[in-house]
Amino acid sequence: MTISSETKFFLGILLTTIVIIAAAMIFLSRPVATLTLPKETLVPTSAHTKGNKDAKVYLVEFSDFQCPACAAFAPVVESLVEKNINNILFVYRHYPLPKHQFAIPSALAAEAANTQGKFWEAAAYLFTNQDKFSDTLWDTMATDLTLDKAQFKKDMTAETGKSTIDQDLSLATALNLPGTPTFFLNGALMKNLNTPQDLVALVEAAITSTK
């Protein structure tokens, strides 16, 4: 049987298409490289931590106190950490976004509270009162958390707190993190966290695998 030149042309197109589709499927099926960082980079001595420092599982969050998504994740993360307090180390890193007017002031307020041993109380307070952020909220926060107001006001402008925030922000910017909240589990960037429950499932699976 003789194949016409027109048939050969269409067969050529079909073969080329099949090759392209096959190549695309092979490419897309390859594992995507995941950003992984050493623990000493993600957990500096200045970082705020909660849980077991010797735990095999550690979770690092880059967060912004004015970020609505961060506020949605906050109670779930707190519950997750408290439930697994002996099997996890949780690390909070600042990532104040430029689009949020009170991102840096709220971070400074948390750092000021930290000098009086109440960073985590301040963090919970800020996420809970996110809709009340204003230049006058910090005084109210100091009262509600029973902080020494004079010391708190002084620490709001202290270089120590600003330095911690700048260090965290510099790393987040250098890594070009996608936004807030961004989580790292055992050094690996966590992707496709559509809900807080996605985070819980992955972290609890990691904890289970170490037991």
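1. Angles over 145 degrees between helix axes count as roughly antiparallel. In this predicted model, the axes of helix 4 (residues 103-114) and helix 5 (residues 119-128) cross at roughly 150 degrees and come within 7 Å. The two helices, helix 4 and helix 5, are therefore roughly antiparallel to each other. Their crossing, that of helix 4 and helix 5, is right-handed.

2. Which residues make this contact between helix 4 and helix 5? From helix 4 come Ser106, Ala110, Glu111, Ala113 and Asn114, and from helix 5 come Phe119, Ala122 and Leu126. Sorted by class, the contact of helix 4 with helix 5 has 5 nonpolar, 2 polar and 1 charged residues.

3. Helix 5 has further neighbours. Its buried residues are Phe119, Ala122, Ala123, Tyr125, Leu126 and Phe127. What do the buried residues of helix 5 pack against? Their partners among the strands are strand 1 (48-51), strand 2 (57-63) and strand 3 (88-94). Among the helices, the buried residues of helix 5 pack against helix 3 (68-83), helix 4 and helix 6 (137-144). Phe119, Ala122 and Leu126 thus appear both in the list of buried residues and in the contact with helix 4.

4. The cysteines deserve a check. A disulfide needs a pair of cysteine sulfur atoms within 2.5 Å, and by this rule the count comes to 0 disulfides. For Cys67, the nearest cysteine sulfur is that of Cys70, 3.1 Å away, and Cys67 is in no disulfide. Cys70 is likewise in no disulfide, and its nearest cysteine sulfur, that of Cys67, is 3.1 Å away. Are these residues buried or exposed? Cys67 is buried, with a relative accessible area of 5%, and Cys70 counts as buried at 0% relative accessibility.

5. One peptide bond should be noted. The bond from Thr180 to Pro181 is cis, with omega near -5 degrees. Pro181 is placed in the loop between helix 8 (159-174) and strand 4 (182-185).

6. Two residues other than glycine have a positive phi. Thr146 has a phi of about 50 degrees and lies in the loop between helix 6 and helix 7 (149-155). Thr146 is exposed, with a relative accessible area of 60%.

7. For Asn192, phi is near 60 degrees. Where is Asn192 placed? Asn192 is in the loop between strand 5 (188-189) and helix 9 (196-210). At 68% relative accessibility, Asn192 counts as exposed.

Terms used: Residues are numbered from 1 along each chain as its sequence is written. This is a predicted model: local features need pLDDT of at least 70, side-chain atom pairs count only at pLDDT 80 or more; totals for chains, interfaces and linings use all residues. Side-chain values use heavy atoms; hydrogens and water are left out. Axes are lines fitted to C-alpha atoms, for helices over the stretch in contact, and angles run from 0 to 180 degrees between N-to-C directions. Helices (H or I, at least four residues) and strands (E, at least two) are DSSP runs, numbered from the N terminus. Angles under 35 degrees count as roughly parallel, over 145 as roughly antiparallel, 65 to 115 as roughly perpendicular and the rest as oblique. A crossing is left-handed if the near helix is turned anticlockwise from the far one by less than a right angle, and right-handed if clockwise. Contact means heavy atoms within 4.5 Å. Ala, Val, Leu, Ile, Met, Phe, Trp, Tyr, Cys and Pro count as nonpolar, Asp, Glu, Lys and Arg as charged, and the others, Gly among them, as polar. Buried means under 20% relative accessible area, exposed over 50%, partly exposed in between (1.4 Å probe, protein chains only).
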